[in-house]
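Thank you all for coming. I would like to walk you through one model today, and I will put it on the screen before I say anything about it.

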Amino acid sequence: MNAQPLFDLGEESPHGSREQPADSAAALAGSAAALAGATAPLAARMRPETLEDLIGQEHLLGAPDSSTPLRAAVRAGRPHSMILHGPPGSGKTTLARIIAAGAHDAAFEELSAVQAGRAEVREVIARAGERRRAGRGTVLFLDEIHRFNKAQQDALLPAVETGLITLIGATTENPRFEVVGALLSRTRIYELRELTPPDLEELLRRALRRGQLAPHTEQTVAAAAIELIAARSGGDARLALGALELACADAAEAGTGTGADTDMGTSTGTNTDTDTDTGTGTDTGTGTDTGTGTGTDTDMGTGTGTGTVTLAHAEEALQRPPVHYDKGADHHYDTISAWIKATRGSDPDASLYYLAVMLEGGEDPRFIARRMVILASEDIGNADPQALTLATAAAAAVDHVGLPECRYALAQAAIYLSLAPKSDAAGRALGAACEHVRERGAHPPPVQLRSGGRGHGYENPHTRPGHLSSQQLLPDSAARLRFYLPDEAEPGPAARIAEIRRRRGLGD
């Protein structure tokens, strides 16, 4: 039997573009329905065909009777050009196909930016021109649009600007960084969110209720197994459905084999016993003994059972939860930002969590170490000068030891930096000094501080009581300014600077 494509959208070009037949909604819905009984993966069989069937993304679609911009466009059958941005398995492709299915009198074409280039884009635009002359529109779904370079994206601009094609781009990367500005200005960005565990639980139960995993039902799959898959799938519907399908298959295989059929029954019989004794005389007697006994009838054969899907089956199917992390995109910046804020907030558990996310996601440990060194000065400073020493030691350990052992040094530093007292006085002081210089300019230092024999009357503080200079050390224009203002986070430096200023006669 020939395998059915996921969505039969008409003839496929040699480059992977598909043109949908004229009746877009019927073609899409009919193809999906025909696929329902095929051997396609569960995620394909469960792909929603209407907005009402879609799980999640309420922030974009609202309630079924609402009129959010996206739902209103789909309901009217006149979609606008858009970029769908979201993590894997959040429904970008599904939503694009639902939108295309509802478009009035428009053909649907699909390209993957991984395989296609400008030549394929030009072919789509040429076909769109022919359709426009016939009074029809064209919806182009471009998956992984961030894979297109600037020149390839620019090739879309005229067609999008004139409405020759309605572009629906999908990307897991932030389009504000990966899509050219000219194209962004002609599209609307919709950000899809990863599905929540309750969303995924409903999706998994829906698959069981619809008989997509027969003979398994909600009664033969442990609730704990469903909850585990939903919690560990990272918001990815495709991953969750695949894990459930594998867990059910494993359970069914475990429930098929050779078994014993044992039947306990009652047996009644009559026994005739003749006792003959020959001796001095002959004694002959005949008696009847009737009794009832229990026997066992064992039948060895092959039996087939559904097999309950247990927590162990779910764990085996998942193996290891996904870590959505891209070292060059949003997750990279979001996670390091979260680590900095958690560490600054003095939460060692949160600091370790985000450190683990970065390490498990393959982040360069040198990047993490650099951020630790920065935080040690920026957010701790002289509240605990040892923090900078420990952070630079961790950075040195990363260079000298490398992965995986340098993880211990990073963990030690993360904990220490989290628990250290915090102060941003050094950063604030430098910021105030830089702002003064930017606004007032750089004035020459006092004469006695200048170099090369031009300085006259310099007083070496080591010849003074307390090793403190009595001379003016700032330019005249800044003589009374105070940039460094430590607070209670730096009690030692605060007391010291107050004493120095008093003894030098500088006041507060």
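I will begin with the whole chain, then turn to three helices and how they pack, and finish with a single serine.

Please keep in mind throughout that what you see is a predicted model. The protein chain has 21 helices and 8 strands, and of its 508 residues, 40% count as buried. If we take the contacts between residues at least 6 apart in sequence, 73% of them join residues at least 24 apart.

Let me now move to the helices, starting with H17, which covers residues 365-380, and its packing against H18. Their axes lie 9 Å apart, at an angle of about 170°, and because angles over 145 degrees are classed that way, H17 is roughly antiparallel to H18. On the H17 side, the residues that meet H18 are Pro365, Arg366, Ala369, Met372, Val373, Ala376, Ser377 and Ile380, and on the H18 side they are Ala387, Leu388, Ala391, Thr392, Ala395, Val398 and Asp399. Sorted by class, the residues of this contact comprise 11 nonpolar, 2 polar and 2 charged.

The next pair is H18, residues 386-401, with H19, which runs over 406-419. Here the axes are again listed at 9 Å apart, with an angle of about 165°, and these two helices are therefore roughly antiparallel to each other as well. H18 passes H19 in a left-handed crossing. H18 contributes Gln386, Ala387, Leu390, Ala394, Ala397, Val398 and Val401 to the contact, while H19 contributes Cys406, Ala409, Leu410, Gln412, Ala413, Tyr416 and Leu417. In this contact of H18 with H19 we find 12 nonpolar and 2 polar residues, with no charged ones.

That brings me to the serine, Ser423, which sits in the loop between helix H19 and helix H20, the latter spanning 425-440. Is Ser423 buried or exposed? Its relative accessibility is 6%, so Ser423 counts as buried. What, then, does Ser423 touch once its neighbours within four places in sequence are left aside? The contacts are Glu378, Asp379, Ile380, Gly381, Ala383, Ala489 and Glu490. For Glu490 there is also a polar contact of 2.6 Å, which joins its side chain to that of Ser423.

One residue links the two parts of this talk: Ile380 of H17 takes part in the contact with H18, and Ile380 is also among the residues in contact with Ser423.

Definitions and conventions. Residues are numbered from 1 along each chain as its sequence is written. This is a predicted model: local features need pLDDT of at least 70, side-chain atom pairs count only at pLDDT 80 or more; totals for chains, interfaces and linings use all residues. Side-chain values use heavy atoms; hydrogens and water are left out. Helices (H or I, at least four residues) and strands (E, at least two) are DSSP runs, numbered from the N terminus. Buried means under 20% relative accessible area, exposed over 50%, partly exposed in between (1.4 Å probe, protein chains only). A polar contact is a pair of N or O atoms within 3.5 Å; within protein, one must be able to donate a hydrogen and the other to accept it, and residues adjacent in sequence count only if both atoms are side-chain atoms. Contact means heavy atoms within 4.5 Å. Axes are lines fitted to C-alpha atoms, for helices over the stretch in contact, and angles run from 0 to 180 degrees between N-to-C directions. Angles under 35 degrees count as roughly parallel, over 145 as roughly antiparallel, 65 to 115 as roughly perpendicular and the rest as oblique. A crossing is left-handed if the near helix is turned anticlockwise from the far one by less than a right angle, and right-handed if clockwise. Ala, Val, Leu, Ile, Met, Phe, Trp, Tyr, Cys and Pro count as nonpolar, Asp, Glu, Lys and Arg as charged, and the others, Gly among them, as polar.
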